[in-house]
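Here is a briefing on one protein model. Read it with the structure open.

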Amino acid sequence: MSYSITKNFIPGLPTFPYRHGVGAYEGVVSHCTDSSNRSGGDTPSKERAYEARTFNQAFVHFFVGVENGDAVILQVASTDYGAYGAGPVANKRFVHVELCMYDDEALFSKAYDAYVYVLAKLLHDRKLDVTKAAADGSGTLWSHKDVNKFLGGTTHEDPIAYLAEHNISWNQHVKNVASQYSSLTSNKLKIVSAASAAILMDGPDRQHANNIGTVPLGTIVENLGKVQGKNNKDGYYKISYKGKTGYITARFGKPL
Ligand SMILES: [Zn+2]
């Protein structure tokens, strides 16, 4: 799935270049907002309004959440410059993206898919690969916890616990961003690993969707994007095949 990014920069933010220069970010930090209102009230617009008052203490580049039923990616600061997201070392290296928090599984999954998309897109835009943060400071995809452990200057550990509440481990998150990244690279998928054909479903939920067709092994189809959906930890690809648009289990699609 592809998303549009709404830009509404907060006026007056401090600007400082990354350590390798203006625009030269080296990776992304995955955060969540730490909201105590998780019943649907945490939105990118509200987070922006709060940040507009408090940016001298902390600010990030993006908020991702759900507003009026739709996933929203709101960019509030230019990625040309650093932000105050995770301590002085990380701030001179990375773009910071915050995920709004929800208890409701459907709201979470809508917001999470958009979050994975923007993380992958930011890395893809700079031709940075998706690699896990490591103790030597390498890696392009960081959690706030990784920054705390490997670079210091901060005490937070988000978004690990929040993603775990929704059954997504950090390793799974890295995989999800990597597969979204590969679908940004290619708009074709080959059907692989199925016994003879992949089932085409009318929604990204293998327990509740209706089967609307089959796609034979080896077929090349148009990839319309990756989504997390439900009841499959590796997610689904939205595809177009013989005039039908539907979803297949992600392990049956290989980006070309
Ligand atoms: Zn954080």
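An unreviewed UniProt entry lists residues 187–256 as "domain: SH3b". That span is 54% strand and 0% helix, and its end C-alpha atoms lie 8 Å apart. The model is predicted. The points below cover the zinc site, the nonpolar cores and three single residues.

**Zinc site**

- Three residues coordinate the zinc ion: His31 and His144 each through ND1, and Asp158 through two OD entries.
- The coordination distances run from 2.0 to 2.4 Å.
- The site is irregular, with angles of 55 to 148° among the four donor atoms. Tetrahedral geometry would need all angles between 85 and 135 degrees, so this site does not qualify.
- Along the chain, the donors follow the spacing H-x112-H-x13-D.
- The histidine pair links distant parts of the chain: His31 sits in strand S2 and His144 in helix H4 (residues 144–150), 113 residues apart.
- Both His31 and His144 are buried.

**Nonpolar cores**

- The largest nonpolar core holds 37 residues. Those with the most contacts inside it are Ile73, Val95, Val97, Leu99, Tyr112, Leu122 and Val177.
- Strands S2 (27–32), S3 (62–67) and S5 (94–99) each give two or more residues to this core, as do helices H3 (105–125), H5 (160–165) and H6 (170–185).
- H3 gives the most to this core, with twelve residues.
- Apart from this core lies another, of 13 residues. Among them are Leu189, Tyr237, Ile239 and Phe252.
- Val97 shows the packing around one core residue. Beyond four places in sequence, Val97 touches Val29, Ser30, His31, Phe62, Val64, Tyr115, Val118, Leu119 and Leu122. One of these, His31, is also a zinc ligand.

**Gln75: a buried polar residue**

- Gln75 is found in strand S4 (residues 70–75).
- Is Gln75 buried or exposed? Its relative accessible area is 6%, under the 20% limit, so Gln75 counts as buried.
- The Gln75 side chain reaches the backbone oxygen of Ala77 at 2.9 Å.
- Not counting residues up to four places away in sequence, Gln75 touches Ile5, Thr6, Lys7, Asn8, Phe9, His61 and Phe62.

**Asn37: a partly exposed loop residue**

- Asn37 lies in the loop between S2 and helix H1 (44–54).
- The relative accessible area of Asn37 is 35%; this falls between 20% and 50%, so Asn37 is partly exposed.
- A polar contact of 3.1 Å joins the side chains of Asn37 and Ser39.
- Leaving aside neighbours within four places in sequence, Asn37 is in contact with Asp42 and Met101.
- Asn37 and Met101 are 64 residues apart in sequence, yet their C-alpha atoms are 7.8 Å apart in space.

**Ser196: an exposed loop residue**

- Ser196 is in the loop between strand S7 (188–191) and strand S8 (197–201).
- Why does Ser196 count as exposed? Its relative accessibility is 54%, and the class begins over 50%.
- Leaving aside neighbours within four places in sequence, Ser196 is in contact with Pro216 and Leu217.
- Ser196 and Gly218 are 22 residues apart in sequence and 8.9 Å apart in space, C-alpha to C-alpha.

Key
Residues numbered from 1 in each chain as written. Predicted model: local features only at pLDDT ≥ 70, side-chain atom pairs only at ≥ 80, totals over all residues. Heavy atoms only, no water. Helix = DSSP H or I, 4+ residues; strand = E, 2+ residues; numbered from the N terminus. Buried < 20%, exposed > 50% of the residue type's maximum accessible area, 1.4 Å probe, protein only. Polar contact = N/O pair within 3.5 Å; in protein donor to acceptor, adjacent residues only side chain to side chain. Contact = heavy atoms within 4.5 Å. Core = buried A, V, L, I, M, F, W, Y, C linked by side-chain atoms within 4.5 Å. Donors = N, O, S within 2.8 Å, 3.2 Å for Na, K, Ca; no water. Tetrahedral: all angles 85-135°; square planar, octahedral: opposite > 155°, others 65-115°. UniProt positions renumbered as here; feature names shortened; annotations may be inferred.
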